[in-house]
Every structure is written in C-alpha cells, then in structure tokens.
Amino acid sequence: MFVDPETCSHKFEHQGQTYWFCCNGCLTKFKSDPVKYLNRDCHSTDSGSDYDQKNVPPGTKFTCPMHPEVVQVGAGDCPICGMSLDPMDMPLIDEGPNPELVDFTTRLWVGLLLGVPLLIIAMGPHVGIPIHSVISIQTSHWIQLILSTPIVLFCGLPFFNRGWKSIINRSLNMFTLIALGTGVAYIASVLFVLFPAVFSPLVGVETFQLGVYFEVSSAIIVLVLFGQIMELKGREKTAGAIKALMRLMPPTANRLKENGQTEEVELDVIMVDDLLQIRPGDSIPLDGIIHSGNSGIDESLITGESIPVEKTAGDPVRAGTLNGTGSFVMKVERSRSDSTLSQIVQMVSKAQRSQAPIQRLVDTVAGWFVPIVITIAAISFVVWSVLGPEPQFTFALVTFVSVLIIACPCALGLATPMSVMVAVGQAVQNGILVKEAEVLETLPKIRTLVVDKTGTLTSGKPILNEFRTLEGFDQDTLSYVAALARSSEHPLSEAIVKGAEERNVVRHTVSDFKATPGMGIQGTVGGQEVLIGNSRFLQSRGVKNLASVAGDENTASERTIVHFSINGVRAGVLEISDPVKPTSAAAVQALQSEGIKVIMATGDSRATAEAIAAQCNIDTVHAEVLPEDKLELIRALQSDGTAVAMAGDGINDAPALVQADVGIAMGDGADVSLECAGITIPNGDLRCIVQARSLAQHTMTNIRQNLFFAFAYNVVGVPVAAGVFFPLFGWLLSPVFAAAAMSLSSVSVIANALRLRTYNP
C-alpha cells in the first residue's frame, strides 16, 4: 500500500529510515520483524490471486475497486475486503478476458457439474424421489462427501484463502463469513460421516439419522461463485468507457524517414519532433501540429462537436481525433503517455477508483457489521443448542450457517463504487470528465456558480477589432506589441498576434518577459520596454499619460480594452472582441431555473463585463478582479455555508477553482486550471454543467437505492436466519436460500448501478 506521509500517524524509525503504515496492525507486524518485510520482493504476490502476471508490464500497480487507498505493485487481493485488485493503468493491460473471470467461470462449471447430482441425491427424498430405495442413507452420505469435496476444496479455494487472510490481517469481511459458514457446514458433515458413533450421542439421534450438509456448503460456494462472476462482469462493463477511449488511439503510425519513405512503427517508439504521415480516415495517433498539408478533423472526442474543424499548417491536432478526407504530415509534440487522450483516460480511471464521502460512512458501518454478524451467529448457535427443537445441534448448526451467509456485506461494499464507476464512464460519453467521485456527491448541493468571462461565457477566441495609437506613436508600434504578445498564451494575446500578422508587421525578439496573471505582460522588445494590460497594470508600473483611460473603457461596450505603453508612456489602445458562445445564455437560464445563482467574475473592465452579462442574463457582475479577488469572492460566498462552484479556464482562475466546492475547468484551459478542477468540460459548453449536475443527482439517488437494497436484505434476512420468528411462525431459513438471497442482493446492486448506463442527461 501507499500512504500519505503528511497525514499518516503510524510510523516507525528503523536504521535511520522512517517508514509509514496504513494502520496500527501493519505497524505492529513490521516492528516484530523489519528484515522480513524489507527483503520481500515487492513484485511477487502470495495472495493467491488468479490475475496472470504475464498480461501486465513489470511494475504495474493494482488497486481495490472498493478501497482505492489500497495500492500495490503486482496483482493480489485487497487486505480490507478480500476482493481481487484491478490494474490502475488500464491502457497498459493487454486486451483480452479477465483471467480471474476465466478462472472463476471454470470453477463454477466444475461446481455445477458435481453440484447438480449432489443436490438431487441430497434433496431427492424430500421432494418424493425414491433415492434411498436404490442406495442406503450411509451410501448416500459417502457419495455426497465424494461429490462435495472437489467443490469445497477447489471451487471454494479462493474464498477460503481470502477468509483466512481477513483473519490474519484483522480485517473481517464478506469472505470471513463465507469461509466460516461453508467450512463449518462441510467439516461437521465430514465428521458425521467418518465418526457417526462419536457424534450421534452428541446430536441426540440414531447413527443413520445424522444429518449432513454437504449440499449446503456446495450450493453456497456455487452461488457465491455466480455472484462473483456477475460482479466481475459488471466491473468490466464499467471499464467500457476507458476501453472505448483507448480504441481511438491506433496501435501504430506511419513515421517519415529521412529519405521521404514511411515506416509503420508502434507508438511507444515515436519520439517528440518525429514526422508522421496521416492519411484520409486515419485516427490521429499522438498530439502535435500540422507540418504540411490540410484537412478537416473530427474533434468530437475533445469538443463534443461532430462538425469537422479545418486544420492547416501550424494548427494543433490531438490523439484520438479522426482525420477527414485530406492528407497531411504532422509533427509530434507529446509522447503517448503525455497525450491529451492518455491524460483523459488516466483522469477517468482515477475518478472511477476514487471514493465519494458517503463511501466512508459505508466502510465504517461494514467494519462493525461483520463482527456483529459473527456474534449474532454464535449467540443463535448457543441459544438453539440449548432451547431448540430436536435435534438441537442440527437446528443450531443451520441457524449459525444461515446467519453467516445471508449477512455477507458484499452488496454493501459494492453499493457506492459500482454507481461511481458507471457514472464516471457515462459522463465521458457526454463529454464530461469527472476527476474525483466526491464531485458527484457535492455537485447536486451547489447553489451558486461563479463563472469567468473569457473562454467560459465567450468563445475564448477573441479577434483584434481596432488598433489605435496616441499622439507621438505610429502604426509600427503594433510590431512591438505583437512581439511581446507572442510570448504569452493568453487568448487576448493570441488575438493581438493574429491581428498583427494580418497587417504584416515586422517580427522582433523579446527578452525579460514577465506575466502578471489577471493584469498584463511586460518585456523588452528591440531595446524598448513594452507593457500590455489593463489600466491597473499600467498604473501600478508608473506609466504616464493615463488621463484618457476611463473614457476609452466606458465607450467600449462588449469590446475588451487593452492598453499598451512604450518606455513608461501610454502609447495606445487595442480593442478586442470575444463573442458570446451561442449556448451561454440558454445554459445560464437552465442553471437559474434550477435555483442556482450565476455570478460573473472577470478581470475585464466593468463596461465590457456588464455588456457580456446582459447578453447572458446575469445580474451579478464582479469586474476588474485579480486572481486573489476571485478567491476572496468564493470564500465570501461560502461563509454562510452555501455550496459554490467555479467555472473558468485560465491560470488566474486556479486559486478560485481550488477553493470552490466544485471546480470546473472549461475547454482546453491552462494546464494548472485543469489540475485544480474536479470536473473538466473539454468543449467548454456551459450546458454540460447542467448535464453533469443532473447525472450527479441521479448517481446519488442510485447509490441510496443500492444501500437500501443492501441493508434491506440484512435487516429482514438476519433475524429470519437466526430463527427469531421460528417460535411464532415456524420460519427458518435454509443456508442454501440464505446464499441465494446474499447473491441476489449483490446482483440487484450491480444491475441497479448499470441502469445509469442508459441515462442520458
């Protein structure tokens, strides 16, 4: 496992080295024999997991789908719940059937092949089949022993391994109950067959009347195997979104050699700056830019828009997008592991493994649940051994096994993770990338949404409308401004550069470049000190000739006014427009109709901000704010307990995205904003926030339904299994039916979670 040293309280000093531990139990074990654990090969596993190590690269990390804090190198079983671990880096795993699913299926068929005749022999006399007219009771018992032994020892081996480890690890779980229940029933039956003279006086019946429960233990194992197979299939279905994404990236690409010929190579050997030939209909293999040629690219993976985007030399292309009818050569800018598609896959995979806060409550309940169940089973055994009807020992044994089996908390453990995994995958299908499961629980509680203007409400692709110089400066000044803007990644800078290139200005080199988020940029161009930014930025740098700034900004309407100075003197004005997205007004209206207050916070001038807000029907506007102002705004809104979301796409939005209850990165955004956000919406459409909130609401409803199913089975089943209602109504639950009910509870939870796959927000 890996733990966070910053928050971990369990640590131990050994030979000058500090070691941290997940719990006090692990710390105690390490203290007793540090050498044993330090010399252990971390790549090996004695867990008994059936995951084929040949199918995974060396060093692959595995984690538990229900306890994502459990991480280890190599396959194995979770020390907390006993479930098999899943590989964390799914793209690295070879396509093919899950080896554990194949193994469990084999064990199930063996169990069915031997279990059906076993059940006929054991239960036939009770349903009118004259079995004992052909064979004696003793012979029947010996046949049941022969048929059940392979089922218990082979088919049930994984469950006994996990049950034993749960006891060793002091982490009782569902496999503890399964192993105890089936083990007690089988061992007692074996003893009755081998030593009937010893046990018949204890049970209080004649030797030939000794009851055996081979069919009980066998049927339970077969039913649990069936439930585990259904669970594994359900988990594979939840991974469908990731696998679908990975199929978008081709396994090979056509690399250009120095002689102009192409060679087909695997993506892992392609280096940055390599040239790749992209033919019509090809999937783009890696992130890069078009080196030569042009084509229309289907970027629906990233933007959600199915209309192809025309790309020419210098334009970016992303892995997983689909080339149209054109042909071009691209230059690779990112390796396979760093590509946009790989980052999306890793984000989705991590989100599916993350825990919602409600899961922590479930884990706490489950931690107490198993010991309580074992106690109830023990009490029921003792009580019915003394007070039960004849034969008392047999009656007590039935209740003991039934309580253990029906109370297996597998459904309880699956309730939250299954819904989260399905919901995250469904979000991907709708162009929404969820970074952490906690977002799904928090998003429905949001009552206020703070939005940035540029790139969130507007298209984020501004254009330079007008360039005006003040007296004493000529149009050549634009070449200095454009040179400085080329060093910045801000959308306004891109508009300045593009507008300057349309005017064929002279290129200059830049030195001493510096950016102040939310205010402006500065640097030295051709020996001149150049500043570009808002009026506050120029004023803070002591720029002269600012008397007419207010007049320029007040007449700007929806245009953004950017000022620039040369050598400490204001030299002119740039008017830049960034049109409002066609969907912004409708999205704001939809959010407001759900009772969410929408607030704009932007670094732009008040006149421009209010003009854009009017188009989107936003009443509250905070203009000319710095990154720290946005942060303080979020804190102020949260001060009365209101849940606040923040949507933005720039570096200046990062602090507010972190502070908000839910941070939403819009569009491609800056890397830092994507890292700080809990949700990423690649297409930048505000309507996706409405969809994400709707999906989150349905997910939480689904989780609550799952928890109801899990608890309802136990609340009803445990008292019946314990024989509480036997004195009143004669109700007593057979261990076989208890196993069926336990498996049904898991299947119902999985089936209910998979319903989210059909939900279209």
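This is a short talk on one predicted model, going from the whole chain down to a few pieces of it.

Okay, so the overall picture to begin with. The chain has 761 residues, and 52% of them count as buried. In secondary structure terms you get 28 helices and 26 strands. If you take contacts between residues at least 6 apart in sequence, 66% of them join residues at least 24 apart.

Now, it's a prediction, so let's talk confidence. The average pLDDT for the chain is 78, and 76% of the residues reach at least 70. Where does pLDDT stay under 50? One such stretch is residues 39-54, and the model still gives that stretch 33 contacts beyond four places in sequence. Residues 90-94 are also below 50, with 15 contacts beyond near neighbours in sequence. Where pLDDT is low, the coordinates shouldn't be read in detail. I'll leave those two there and move on.

Next, the aromatics. The structure holds four aromatic pairs, and I'll go through two of them. A ring pair is described by the centre distance and the angle of the planes. Take Phe104 and Phe159: the centres are 6.0 Å apart, the planes are at 80 degrees, and that makes the pair edge-to-face. Phe104 sits in helix H3, residues 99-123, while Phe159 sits in helix H5, residues 157-168, so here the pair links parts of the chain 55 residues apart. Are these two rings' residues buried or exposed? Phe104 is at 0% relative accessibility, so it counts as buried. Phe159 comes out at 1%, and is buried too.

The other pair is Tyr186 with Phe214, again edge-to-face, at 5.9 Å between centres and 70 degrees between planes. Tyr186 belongs to helix H6, residues 174-194, and Phe214 to helix H8, residues 214-238, so this pair ties together parts 28 residues apart in sequence. Both residues are buried.

While we're on rings, have a look at Arg107. Its charged end sits over the ring of Phe154, 4.6 Å from the ring centre.

Let's stay with H8 for a moment, and pick out Ile229, which is in that helix. Ile229 has a relative accessible area of 5%, so we call it buried. What does Ile229 touch, leaving out residues up to four places away in sequence? The answer is Leu101, Phe104, Thr105 and Leu108. Phe104 is the residue we just saw paired with Phe159. There's also a C-alpha distance worth putting up: Ile229 to Glu100 is 8.9 Å, for two residues 129 apart along the chain.

On to the sheets. Six strands make up an open, antiparallel sheet, and the order is E16-E21-E20-E19-E18-E17. Which strands are at the edges? Those are E16, residues 463-469, and E17, residues 510-516, each of which pairs on one side only. From one strand to the next, the twist averages 20 degrees. Inside that order, E19 (residues 528-533) and E20 (residues 560-566) pair antiparallel over four bridges. If you want a register to check on screen, Ile532 stands opposite Phe564 in E20.

There's parallel pairing as well, around strand E24. E15, residues 448-451, pairs with E24 in the parallel sense over four bridges, with Val451 opposite Ala647 in E24. E24 is also joined to E25, residues 662-666, by four bridges, and those two run parallel. There, Met646 stands opposite Gly663 in E25.

What about burial in E24? The strand covers residues 644-648, and five of the five are buried, so E24 is largely enclosed by the rest of the structure. Val644, Met646 and Gly648 point one way, Ala645 and Ala647 point the other way, and all of them are buried.

Last piece: a helix with a similar story. H17 runs over residues 477-485, and eight of its nine residues are buried, so the rest of the structure largely encloses it. Which ones are buried? In H17 they are Thr477, Leu478, Ser479, Val481, Ala482, Ala483, Leu484 and Ala485.

Okay, that's what I had, so over to you for questions.

How values were computed. Residues are numbered from 1 along each chain as its sequence is written. This is a predicted model: local features need pLDDT of at least 70, side-chain atom pairs count only at pLDDT 80 or more; totals for chains, interfaces and linings use all residues. Side-chain values use heavy atoms; hydrogens and water are left out. Two strands pair if DSSP finds at least two bridges between them. Axes are lines fitted to C-alpha atoms, for helices over the stretch in contact, and angles run from 0 to 180 degrees between N-to-C directions. Buried means under 20% relative accessible area, exposed over 50%, partly exposed in between (1.4 Å probe, protein chains only). pLDDT is the predictor's confidence in each residue, from 0 to 100. Contact means heavy atoms within 4.5 Å. Rings of Phe, Tyr and Trp (its six-membered ring) pair if their centres lie within 6.5 Å; planes under 30 degrees apart count as stacked, over 60 as edge-to-face and the rest as tilted. A charge sits over a ring if NZ of Lys or CZ of Arg is within 6 Å of the ring centre and within 35 degrees of the ring normal.
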